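Me: Got a minute to walk through this one with me? I'd like to start with how the helices pack.

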Amino acid sequence: MLHSRVIKTKGNSRSVQVYYYRNGKRVIVKHIGSGTTDYEIASLEQMARVFIADYAKQSLLFEEDKPREDAILLSHCEYLGVYYTFFYDVLRAVQHLIGYSLTVDSLLCDLVVMRVFEPASKLRSIELMENYFGIKHRRQRFYESAASWLKLKESVEKQTLGFARKYYGFNLSLLFYDVTTLYFETFAEDEIRKTGFSRDNKFQQPQIVVALMVTPEGFPVSYEVFSGDTFEGHTLIPSIKSFIKKHHVEQFVVVADAAMISTENVTALRTENINYIVGARLGSLSAELLANIHTQLPKEDGKNIRIKTDKGYLICSYSKSRYNKDSYELEKQVEKAKSLLNQPSKVKRVKYLKSDEKKMELNEGLIEKNRKLLGIKGYYTDIEESVADNATIINRYHDLYKIEQAFRVSKSDLETRPIFHFKEEPIKLHMLVCFMALALSKHIEISTAISIRAFITHCKKITDARLRNKITKQEMTLRVNIPEFLKEVISKILPPH
């Protein structure tokens, strides 16, 4: 049976070790790390618990005559390479912290670690696990287990939500919602892979639409997958209803971008007793409402107004910096339209040009309309001003950038797209792995204020040199010293209970 202990070393430093007893003697299995503060030691003890939970299940775990690390004689050893076990131990400890390792298969957990460390195909990831971490899995086991993993989506989301409530104080009162598209390296369509409006500018390739819900800190708590031709505005209500049903939520505020607002969605949100804050597309407003905004809203930095409409309260704010940006863009587009007036053969589709039966001309009406909107941003909400004033509504909407950051991490660092799977089940399994990897990555980023890419770079510097005793032929490892900076980072990621 494995145990962990904390022993005093040099100075104020303490060391965390995993050991077992054989013939009444203590045998050291793994040196987890050293620290000087209680916070650091608590984090190392957490990593030791995960190590024990992972390896206690395996038979023949220990070699009978494994030497103590402090008895290594380098002149009798040959160098075999390095493992990045430190990174693996930290990520598995975070999975344990969230709750994934309690119900999720160890192979699936390891695939999630690899998605963060070096994204690759599932089978390639199994190969890389052995190269980078010394972890061996049978490829056949992946084929045997993959189908059962699809049933884990709901339990994974519940564990993720429970973690958000415990560690981030998430009380379900405010939820941020957005969608993105993920394209495939193929041109063939089926029931879920369909062409549609692509955010990746891959309009000829089929895609899926993914809806993501995050906490105010940007930590993901739920996701849904839709066919690629689904209009993003039609994803909101099904996703919200699914979230309510799974987690028994009675009331909360959803924050979403302008694509989600429609009379149909507003009616459905009110029916479900869900408050909302969404962006407003001011260009589609009626002439009367536009005139009211133009006359009522003072053109002073930070000023705002609230107008009652059939979609809820319309809050409009004015910003001088936004005015400068909007004005520059408008004049640039108007000049482009003017330059093309005398070159009709080059005109394809220009915003401020219109044509009648005889000639092309400037769309003066649209130009004038947009001049009235310079510097103005709009938001719809059903929340009364006595509950949340205009400034609060605007600030909450601006926090929507955190979900954009989550998508950026998912697409770039975790390489969620492009997708190379061609059947619905592997596609949904891919999304499950990416969601779990995103949860790990965002927890690391939120708790440390370090990007996941920078964190991986720091952890890759902590290698375990693999050494083989030339006499006994036994293999051992020798770890690089962990700098104080990284110890502090880990203590933030794995806080004591």
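**Helix crossing and sheet**

Reply: Sure. This is a predicted model. The crossing of α16 and α17 is left-handed.

Me: Which residues of α16 and α17 meet there?

Reply: From α16, F455, H458 and C459. They meet F485, L486, V489, I490 and I493 of α17.

Me: How do the residues of that contact divide into nonpolar, polar and charged?

Reply: 7 are nonpolar and 1 is polar. No charged residue takes part in the contact of α16 with α17.

Me: And what angle do the two helices pack at?

Reply: About 125 degrees, for α16 (residues 452–460) and α17 (residues 484–493). Their axes are 11 Å apart. That angle makes α16 oblique to α17.

Me: OK, switching to the sheet. What is the strand order?

Reply: β7-β6-β5-β8-β9-β14-β11-β10. The sheet is open, has 8 strands and shows mixed pairing.

Me: Which are the edge strands?

Reply: β7 (220–227) and β10 (304–309). Each of them pairs on one side only. From one strand to the next, the twist averages 25 degrees.

Me: Take β8 and β9. Parallel or antiparallel?

Reply: Parallel, over 4 bridges. β8 covers residues 253–256 and β9 covers 275–280. A256 stands opposite V278 in β9.

Me: Which helix packs on the sheet?

Reply: α10, residues 287–296. It touches β10, β11 (312–318) and β14 (376–381).

Me: How does the direction of α10 compare with that of β10?

Reply: The two directions make about 155 degrees.

Methods
Residues numbered from 1 in each chain as written. Predicted model: local features only at pLDDT ≥ 70, side-chain atom pairs only at ≥ 80, totals over all residues. Heavy atoms only, no water. Axes fitted to C-alpha atoms, helices over the stretch in contact; angles between N-to-C directions. Parallel < 35°, antiparallel > 145°, perpendicular 65-115°, else oblique. Left-handed = near helix turned anticlockwise from the far one by under 90°. Contact = heavy atoms within 4.5 Å. Nonpolar A, V, L, I, M, F, W, Y, C, P; charged D, E, K, R; others polar. Pairing = 2+ DSSP bridges.
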